[in-house]
Amino acid sequence: MLDPKAIRSQFPLLLREISGEPIVYLDSAATSQKPDAVLEAMMNVYRTSNANAHRGMHPLAEEATQQYEKARATVQKFLNAKYAEEIVFTKSCTEAINLVAHTVSQQDHIVLSLLEHHSNIIPWMQRDAHIHWTNLSDLEEILRTHTISLVAITGQSNVLGIRPPIEEIIQLSHAAGAKVLVDAAQLVAHHPIHVQKLDCDFLTFSSHKLYGPTGIGVLYAKRECLEEMSPMLGGGGMVYSIAEQSFTPLGIPEKFEAGTPPVADAIGLATAIDWLAHYDWKDIEEYEQHLLRHAEEVLTTIPGLTILNLQPHSAKAPRGDLQPQSGCISFTLAAVHPHDLTEILGRQGICLRAGHHCAQPIHKHLGIAASTRLSVGIYNTIEEINLLPSAIEHAQHVLATT
Ligand SMILES: Cc1ncc(COP(=O)(O)O)c(C=O)c1O
């Protein structure tokens with residue numbers, strides 16, 4: 001069993017008040033808060049051992065290189081990857097997807113689901129790749145009738161919180177000769193990931209949604225995939241030799257990490273992973289399900305409030321059903337714009353996200369322009385969820401009387 005009070009006490013930001021009200025942070029799908037362990041580890045880098053990695057021979061530079069590579073090994077273990085060099089540090093999940101998209105061209109046919117975040121849509125469009133949209137139930141058909149290079153799919157929707165059956169999608173895609181990229185931006189803080197068992201070709205995530213710092217993300221790719229790919233960025237640290245008109249890049253992963261590496265951020269990410277390892281995944285999932293199922297119960301008592309979900313007939317998984325919503329739930333409130341609602345809730349210290357959440361296709365599919373999203377981390381409590389009905393009713397009242 002998780003002890004949310006003990007967990008909360010490790011997050012200094014959660015002690016903050018807004019307009020005299022304690023903060024109720026229900027926006028972890030946008031970015032999670034950071035525990036003391038991560039803050040201290042990063043502060044410690046700058047206080048005691050800051051130096052550039054992979055650049056110098058002096059003791060601080062050696063230490064920075066060692067710590068940076070240790071962080072890579074921590075991510076490798078966390079994802080259950082076979083080799084450390086299959087882990088490429090990027091600026092973000094977005095940059096990691098762009099790095100893979102950089103290798104596709106107009107000839108490539110890419111499958112995207114209606115659930116995708118814009119970060120897993122625009123990079124493929126920028127390459128003029130041919131895009132096939134799947135509602136998941138038609139995936140087999142698309143794979144049978146087209147030569148698909150890659151299926152790029154979210155591991156967990158950042159709007160509906162549902163998890164497409166990625167194991168099955170990977171098997172189907174591989175059988176049809178297509179590679180698979182899993183966008184694990186939302187999955188990573190809520191479910192263990194085993195890339196070797198999944199057998200995905202690529203998997204991406206950002207540290208900042210995993211209790212780690214902003215400014216660093218991860219691309220996992222099978223070694224043979226990375227070896228075939230050309231680097232997206234050029235610069236220091238990625239080159240083996242330069243001739244008059246050409247250069248030879250280093251091997252993987254260095255050839256993808258041009259410029260000064262984000263040493264403190266990598267250490268922060270590794271610390272977040274080590275911190276999270278103190279808790280059992282089973283307990284994390286059970287606790288977060290408990291919070292979300294309770295949120296559903298209390299929200300559905302509010303007149304005019306509708307929780308978003310896919311219609312089972314329009315987006316049935318290839319086989320089996322979509323799993324219960326995890327990480328977040330989104331809703332609409334009759335006659336209230338999500339921006340107005342979250343602005344008024346914000347005045348009461350309650351932080352929820354409003355808008356299309358960078359996921360316009362799924363909103364369009366559901367026939368709405370925007371929604372309000374509630375998302376949880378392991379520091380949230382049932383007491384916080386219980387504040388919502390009266391706060392939302394208060395917002396409804398304010399809006400009705402202005
Ligand atoms: C599903 C999904 N994919 C990708 C991203 C992009 O992550 P980042 O902005 O950290 O690059 C997000 C961010 O919200 C997301 O929710």
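In this predicted model, Ile122, Met125 and Trp133 make a nonpolar surface patch of about 260 Å². Trp133 is partly exposed, its relative accessible area being 32%, and belongs to strand S6 (residues 130–134). Opposite Trp133 in S6 stands Leu112. Strand S5 (residues 109–113) and S6 run parallel and are joined by 5 bridges.

The wider setting of S6 is an open sheet of 7 strands with mixed pairing, in the order S4-S10-S9-S8-S7-S5-S6. Strand S4 (87–90) and S6 occupy the edges with a single partner strand each, so one side of each lacks a neighbour in the sheet. From one strand to the next, the twist averages 20°.

Two helices that pack on this sheet are set out below.

| Helix | Strands touched | Angle between directions |
|---|---|---|
| H4 (residues 93–101) | S4, S8 (179–183), S9 (202–206), S10 (217–221) | about 155° with S9 |
| H7 (residues 166–175) | S7 (150–154), S8 | about 160° with S8 |

A further point of interest is Leu79, which lies in helix H3 (residues 59–79). Leu79 counts as buried because its relative accessibility is 0%, under the 20% cut-off. Beyond its neighbours within four places in sequence, Leu79 contacts Ile87, Ile193, His194, Val195, Leu203, Phe205, Val218 and Tyr220. Of these contacts, Tyr220 is 141 residues away from Leu79 in sequence, yet their C-alpha atoms are 8.4 Å apart in space.

Methods
Residues are numbered from 1 along each chain as its sequence is written. This is a predicted model: local features need pLDDT of at least 70, side-chain atom pairs count only at pLDDT 80 or more; totals for chains, interfaces and linings use all residues. Side-chain values use heavy atoms; hydrogens and water are left out. Helices (H or I, at least four residues) and strands (E, at least two) are DSSP runs, numbered from the N terminus. Buried means under 20% relative accessible area, exposed over 50%, partly exposed in between (1.4 Å probe, protein chains only). Contact means heavy atoms within 4.5 Å. Patches are made of residues with over 30% relative accessible area and no salt bridge: like charges are joined within 9 Å, nonpolar side chains (Val, Leu, Ile, Met, Phe, Trp, Tyr) within 5 Å. Accessible areas come from the Shrake-Rupley method with a 1.4 Å probe; for residues, only the protein chains shown count as cover. A salt bridge is a side-chain nitrogen of Lys or Arg within 4 Å of a carboxyl oxygen of Asp or Glu. Two strands pair if DSSP finds at least two bridges between them. Axes are lines fitted to C-alpha atoms, for helices over the stretch in contact, and angles run from 0 to 180 degrees between N-to-C directions.
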